[in-house]
Amino acid sequence: MTLTHRRPVFDANANAGAFGDLPEWDLSDLYPAPDAPELSKDMAWLEKACAEFATDYEGKLADLDAAGMAECIKRYEEIDEKAGRVMSYVGLRYYQNTTDPARVKLLSDAQDKITTYTTPLVFFSLEFNRIPDATYEAVFADERVARYKPVFDRMRAMKPYQLSDELEKFLHDQSVVGAAAWNRLFDETTAALEFEVQGEKLSLEATTTLLSDHDREKREAAAKELANVFGENIRTFSRIHNTLAKEKEIEDRWRKMPTPQTGRHLSNDVEPEVVQALRDAVVAAYPRLSHRYYKLKAKWLGLEKLQIWDRNAPLPTEAPRDIMWDEAKDTVLDAYSGFDPRMADIAQPFFEKGWIDAGVKPGKAPGAFAHPTVTTVHPYVMLNYLGKPRDVMTLAHELGHGVHQVLAAKQGEMLANTPLTLAETASVFGEMLTFRKLLAAAKTREERKTLLAGKVEDMINTVVRQIAFYDFECKLHAARAEGELTPEDINALWMSVQGESLGPAFEFMDGYETFWSYIPHFVHSPFYVYAYAFGDGLVNALYAAYEAAPEGFQDKYFAMLEAGGSMHHKELLAPFGLDASDPAFWDKGLSMIEGFIDELEAMEEA
């Protein structure tokens with residue numbers, strides 16, 4: 001497979017002009033250029049700092065007093081910041097064009113070097129976890145280091161699953177040719193895919209966008225072309241999933257992890273029973289949510305059965321229109337400002353200072369994300385903006401992440417990162433604010449119906465679909481532990497959760513069984529997907545609390561975001577009177593979706 005002479009699948013500049021002046025990243029706040037002396041200087045500093053840190057602290061952590069531990073943590077954070085700055089820069093440049101050999105090389109070389117430089121630091125967490133409990137508690141009772149205790153508590157939760165120092169160093173070194181290499185193969189394969197729909201050559205992003213087009217023939221053609229191209233590449237995708245799942249199984253077995261999900265729960269600082277309660281609540285609600293909604297949708301579309309290309313179809317009454325970039329920006333900023341002007345003030349620079357890359361361009365990674373970079377700089381948001389209503393919600397979502405990351409940055413490198421379960425809070429809340437503003441401004445019954453239906457579909461995609469994804473992953477990893485999986489085996493696991501989650505309103509076309517293959521979370525972050533459902537349920541409960549008692553809510557909300565990863569979800573939710581470990585908590589969140597479906601059904605009967 002050659003990546004150096006790909007034909008552009010469309011004119012990126014023409015595409016950008018269709019929606020206004022779409023912003024591009026200015027990465028100079030990280031480094032001025034890929035050959036900048038500052039980048040070389042930081043790499044040299046990193047190599048020296050890592051070696052000196054290991055010399056000064058290896059074998060001595062248990063003997064440090066509070067002052068010594070504070071200095072140790074400060075130096076560790078400085079290394080973390082420098083490595084994060086380098087990898088953010090080369091990674092973001094790569095995602096702008098994953099098929100550019102120079103960008104691929106810069107990323108690969110940086111990964112190799114930083115992995116080598118940081119190998120001497122592997123001792124840190126291993127040795128830290130061997131500090132006697134009494135010593136650890138005594139040192140971290142001191143105010144100079146007490147604020148860092150939550151992050152080290154989470155580190156020490158890995159203590160039972162720790163391997164020998166030598167094995168941990170081996171795994172660290174080997175990662176660049178293990179998971180990281182397979183991740184890159186996946187990214188480069190999906191970015192290089194081309195799809196021909198009704199005579200037009202398109203990227204993956206543009207083709208999946210057609211699944212929400214008003215023209216049913218175009219949606220069908222896009223779905224069938226997706227199935228065709230996925231089918232042609234299914235052996236590559238199957239090899240990637242087989243290898244990564246087996247690699248994970250081997251490492252989990254050596255670490256004596258009780259389940260494939262344990263590592264994710266530990267990194268998310270969430271109890272397995274809380275995730276299980278969420279999963280069970282959502283699966284039990286399938287008939288009340290997705291099954292019920294899609295029955296309504298089939299009626300609206302005048303169909304006996306929905307095909308997969310109808311799942312995200314707009315309503316027949318929804319007038320097709322492209323939303324210009326400036327309108328999308330104003331919609332989101334107005335919604336944020338209506339909640340609290342401080343929120344819009346934090347979001348505004350993203351549009352003005354080159355912190356957003358919005359256009360669809362050849363080689364650009366599909367999807368959207370907000371990358372926090374490092375706490376001394378600022379986040380960057382990536383979109384693939386195509387002027388659809390869902391793109392406006394994606395902008396609201398990713399800007400929510402950006403606001404959260406800006407607010408949490410004051411915690412510093414070690415405490416700013418939020419566990420995935422809470423990382424989706426501000427993003428989903430940003431979507432909810434934008435939706436509520438649009439709903440309040442609806443002028444007609446049909447406009448309100450269209451907005452409600454769109455929101456229900458987004459929530460089903462975030463809650464029902466992501467829990468179905470989680471179940472698929474659980475089945476995939478369990479099956480891979482028993483032996484190699486053929487593409488047909490993985491296809492069957494995928495289909496086993498689709499009918500259950502989407503319901504009897506659907507008929508599944510031949511080829512849909514391969515649609516697991518392009519979903520990046522399964523590759524990059526196993527079991528990540530439940531965080532979306534967690535975030536949606538949490539935000540629904542939060543928004544209900546806001547409506548019930550708006551006085552003082554904003555200050556509590558900002559305090560929660562500013563906490564970053566410095567608190568457990570129980571502590572963060574306590575000021576709002578919420579508790580995610582209570583099984584009834586999830587039903588509260590799901591009841592909001594049910595309420596929207598109730599209103600849509602009532603409109604049909606009126």
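1. How do the residues of the lining of the second largest pocket divide into nonpolar, polar and charged? In this predicted model, that lining is made up of 14 nonpolar, 7 polar and 12 charged residues. The space inside the second largest pocket comes to about 950 Å³, and 33 residues line it, with Glu318, Ile323, Pro389, Thr450 and Leu451 lying nearest its centre.

2. The lining of the second largest pocket can also be described by the elements that build it. Helix H16 (325–339), helix H18 (389–408), helix H21 (425–440) and helix H22 (445–462) each contribute at least two residues, and the largest share, 9 residues, is supplied by H22.

3. As to the overall fold, the chain contains 29 helices and 5 strands, and its C-alpha trace extends over about 75 × 60 × 50 Å along the principal axes. The radius of gyration is 24 Å, which agrees with the value near 25 Å that a compact globule of 606 residues would have. Of the contacts with a separation of 6 or more, 78% are made by residues 24 or more positions apart.

4. On burial and surface, 57% of the 606 residues in the chain are buried. The area that the chain exposes is about 24,700 Å², and carbon and sulfur atoms supply 53% of that area.

5. Enclosed space deserves a separate remark. Rolling a probe the size of a water molecule over the atoms shows where empty space is left. The structure holds 5 cavities of 30 Å³ or more, and the second largest cavity has about 50 Å³ of space. Its lining consists of Leu278, Val282, Val463, Ala533, Asp536, Gly537, Asn540, Trp586, Gly589, Leu590 and Ile593. Two or more of these residues come from each of helix H14 (272–285), helix H26 (530–548) and helix H29 (583–605). By character, the lining of this second largest cavity divides into 7 nonpolar residues, 3 polar residues and 1 charged residue.

6. Leucine 306 is a residue worth inspecting in the viewer. Leucine 306 sits in the loop between helix H15 (290–301) and H16, and it counts as buried because its relative accessibility is 0%, the cut-off for burial being under 20%. Once residues up to four places away in sequence are set aside, leucine 306 touches Tyr294, Lys297, Ala298, Leu301, Ala505, Phe506 and Glu507. The C-alpha atoms of leucine 306 and proline 504 are 9.2 Å apart in space, although the two residues are 198 residues apart in sequence.

7. Leucine 244 offers a second example, this time from within a helix, namely helix H12 (residues 234–255). Leucine 244 has a relative accessible area of 13% and is therefore buried. Leaving out residues up to four places away in sequence, leucine 244 touches Ala179, Trp182, Asn183 and Val523. With valine 523, the C-alpha separation from leucine 244 is 7.4 Å, while the two residues lie 279 residues apart along the chain.

8. Leucine 386 belongs to the loop between strand S5 (380–382) and H18. Its relative accessibility is 11%, so leucine 386 counts as buried. The C-alpha atoms of leucine 386 and leucine 211 are separated by 13 Å, with their positions 175 residues apart along the chain. H18, the helix at one end of this loop, is also among the elements that supply at least two residues to the lining of the second largest pocket.

9. Finally, the backbone should be checked at two loop positions. Most residues other than glycine have a negative phi. Glutamine 198, however, has a positive phi near 50°, and glutamine 198 is placed in the loop between strand S1 (195–197) and strand S2 (200–202). Threonine 373 likewise has a positive phi near 50°, in the loop between strand S4 (369–371) and S5. Threonine 373 is buried, because its relative accessible area is 10%.

Technical notes
Residues numbered from 1 in each chain as written. Predicted model: local features only at pLDDT ≥ 70, side-chain atom pairs only at ≥ 80, totals over all residues. Heavy atoms only, no water. 1 Å grid on protein atoms, 1.4 Å probe; cavity = no way out; pocket = protein on both sides within 12 Å on 5 of 7 lines; lining within 4 Å. Points joined across faces, edges and corners; volume = space filled by probe spheres on them. Helix = DSSP H or I, 4+ residues; strand = E, 2+ residues; numbered from the N terminus. Nonpolar A, V, L, I, M, F, W, Y, C, P; charged D, E, K, R; others polar. Rg over C-alpha atoms; globule rule 2.2 N^0.38 Å. Buried < 20%, exposed > 50% of the residue type's maximum accessible area, 1.4 Å probe, protein only. Contact = heavy atoms within 4.5 Å. Areas by Shrake-Rupley, 256 points an atom, 1.4 Å probe, with all protein chains shown as cover.
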